[in-house]
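Student: Please take one strand of this model and look at it closely, then follow its connections outward to the sheet, the packing and the rings. I would like one continuous account.

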Amino acid sequence: MSGKDVRKGRTTRGSLGSGVGGETLGGFIGFANLPNQVHRKSVKKGFEFTLMVVGESGLGKSTLINSLFLTDLYPDRELPDAEAKIKQTVSMEASTVEIEERGVRLRLTVVDTPGFGDAINSSKCYDPILEYIDAQFERYLHDESGLNRRNISDNRVHCCFYFISPYGHGLKPLDIEFMKSLHNRVNIVPVIAKSDTLTKQEVNRLKKRVLDEIAKHNIKIYQLPDVEDDEEEDYKEQTRVLKQSIPFAVVGSTTTIEVKGRKVRGRMYPWGVVELENDEHCDYLKLRTMLISHMQDLQEVTHDLHYENYRATRLDPENVVEPVKPGKQASGNTDAKLREKEAELARMQAMLAQMQKQLQMQNDGQQTHQL
């Protein structure tokens with residue numbers, strides 16, 4: 001370890017085992033154990049994650065979510081008939097489940113949006129979704145500004161799977177309008193649903209068409225973080241493959257099928273079986289890998305970018321503060337405004353100190369006069 005002697009202004013080198021840490025009955029004790037302390041504390045507290053799924057009815061949203069987390073989030077759901085769908089409006093259904101894996105607890109909340117895009121006029125069908133996301137931001141802001149800030153429940157939407165129909169030739173006008181309205185509030189991950197209805201060539205063409213339209217309309221989808229040079233080669237390759245797979249073409253199924261003596265999850269057709277966990281058949285494994293391995297980054301982007309922009313808007317209704325941009329934590333206007341507030345606070349403290357001094361002098365004078 002290297003350290004700096006502040007008093008003498010020189011750099012010294014030494015071993016953690018020589019003074020700060022060393023071998024004990026419990027093993028090595030030193031700064032190298034800090035990650036273990038963070039890990040134990042995080043595991044004890046547990047994790048929270050909120051996933052939103054948006055898309056037209058019949059695209060297999062519920063089936064895919066049940067496939068990803070090997071659970072049944074909608075045991076009591078009843079599918080509406082054609083007559084009920086005519087009157088149905090977009091509603092928000094939040095389902096929470098506790099998942100535990102190797103001692104790590106995850107409180108997963110899945111927000112479904114039944115009725116999205118089912119009406120004849122769907123121009124404003126996404127308003128309830130935007131209101132729900134803003135309501136979670138407002139709730140977190142209220143809790144953060146309250147007295148009990150240590151036990152804040154994070155119900156903010158950290159990721160949104162947006163399901164794109166495989167039957168069209170790219171994005172529909174509703175898809176474009178919705179993502180443009182949502183991309184500054186949540187991390188959007190585009191997903192091509194029911195990709196088993198398309199050939200390999202059709203999937204590749206649809207992916208390219210979707211990416212071209214996203215770029216054309218300046219829609220900001222979730223970008224995987226860049227890989228550092230010192231990362232392992234396997235992780236670099238995994239990230240490169242995930243970036244090339246966006247939008248993910250997926251298939252969902254909770255049915256177990258026996259194929260050549262082994263049991264797999266997939267869908268059976270007269271011509272064969274589509275396996276979920278086969279990269280040659282769909283991007284199910286890649287989508288699950290992206291969600292699990294970058295869950296922490298999705299939470300950080302939500303807090304540092306989307307929530308900070310909402311917070312700045314709420315605390316500065318006149319929009320004097322610039323919104324936070326990706327890769328930046330604060331703007332120049334924000335720093336200037338904070339400096340003005342600090343200067344004003346310093347002036348008030350100086351005035352208070354002067355008043356207290358004058359009051360003390362008056363009290364001392366009265367006591368002297370009485371003597």
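**A strand and its surroundings**

Tutor: Strand E5, residues 47-54, is mostly covered, with 6 of its 8 residues buried (under 20% relative accessible area with a 1.4 Å probe, protein chains only; exposed is over 50%, partly exposed in between). The model is predicted, so local features need pLDDT of at least 70 and side-chain atom pairs count only at pLDDT 80 or more, while totals for chains, interfaces and linings use all residues. Numbering starts from 1 along each chain as its sequence is written, and side-chain values use heavy atoms, leaving out hydrogens and water.

For context, the chain has 10 helices and 13 strands (DSSP runs numbered from the N terminus: H or I of at least four residues, E of at least two). Of its 371 residues, 37% are buried.

E5 belongs to an open sheet of 6 strands, arranged E6-E7-E5-E8-E9-E10 with mixed pairing (at least two DSSP bridges between two strands). At the edges are strand E6 (93-101) and strand E10 (248-249), each of which pairs on one side only. E5 itself runs parallel to strand E7 (residues 104-112), and 7 bridges join the two. Two of the partnerships can be named: Phe47 is matched with Leu106 of E7, and Phe49 is matched with Leu108 of E7. E5 is also joined to E8 by 4 bridges, again in parallel. Here Val53 has Phe161 of E8 as its bridge partner.

Two helices can be followed on this sheet. Helix H2 (residues 61-69) packs on the sheet and touches E5, E6, E7 and E8 (contact: heavy atoms within 4.5 Å). The direction of H2 makes about 155° with that of E5 (lines fitted to C-alpha atoms, for helices over the stretch in contact; N-to-C directions, 0 to 180 degrees). H4 packs on the sheet as well, touching E5, E6 and E7, and its direction makes about 170° with that of E5.

H4 spans residues 127-144 and contains Asp134. Not counting residues up to four places away in sequence, Asp134 touches Arg185 and Tyr310. Tyr310 also appears in a cluster, where ring pairs link it with Phe137, Tyr140 and Tyr307 (ring centres of Phe, Tyr or the six-membered ring of Trp within 6.5 Å; planes under 30 degrees apart are stacked, over 60 edge-to-face, the rest tilted). Arg156 is placed against two rings of this cluster. Its charged end sits over the ring of Tyr140, 3.7 Å from the centre (NZ of Lys or CZ of Arg within 6 Å of the centre and within 35 degrees of the ring normal). Arg156 also lies over the face of Tyr307, at 4.9 Å from the ring centre.

The whole structure contains 6 aromatic pairs. One of them is stacked because the ring centres of Tyr162 and Phe178 are 5.0 Å apart and their planes meet at 20°. This pair links distant parts of the chain: Tyr162 is in strand E8 (residues 159-164), Phe178 is in helix H5 (residues 173-182), and 16 residues separate them. Both Tyr162 and Phe178 are buried. The rings of Tyr269 and Trp271 also have centres 5.0 Å apart, with planes at 0°, so this pair is stacked too. Tyr269 is partly exposed, at a relative accessible area of 29%, whereas Trp271 counts as exposed at 60%.

Tyr269 leads to another sheet, since strand E12 covers residues 262-269. That sheet is open and has 3 strands, in the order E11-E12-E13, with antiparallel pairing. Its edge strands, strand E11 (256-259) and strand E13 (272-275), each pair on one side only. From one strand to the next, the twist averages 70°. E12 and E13 are joined by 4 bridges and run antiparallel; within this pairing, Gly266 has Glu275 of E13 as its bridge partner.

A last figure concerns the chain in general. Of the contacts between residues at least 6 apart in sequence, 65% join residues at least 24 apart.
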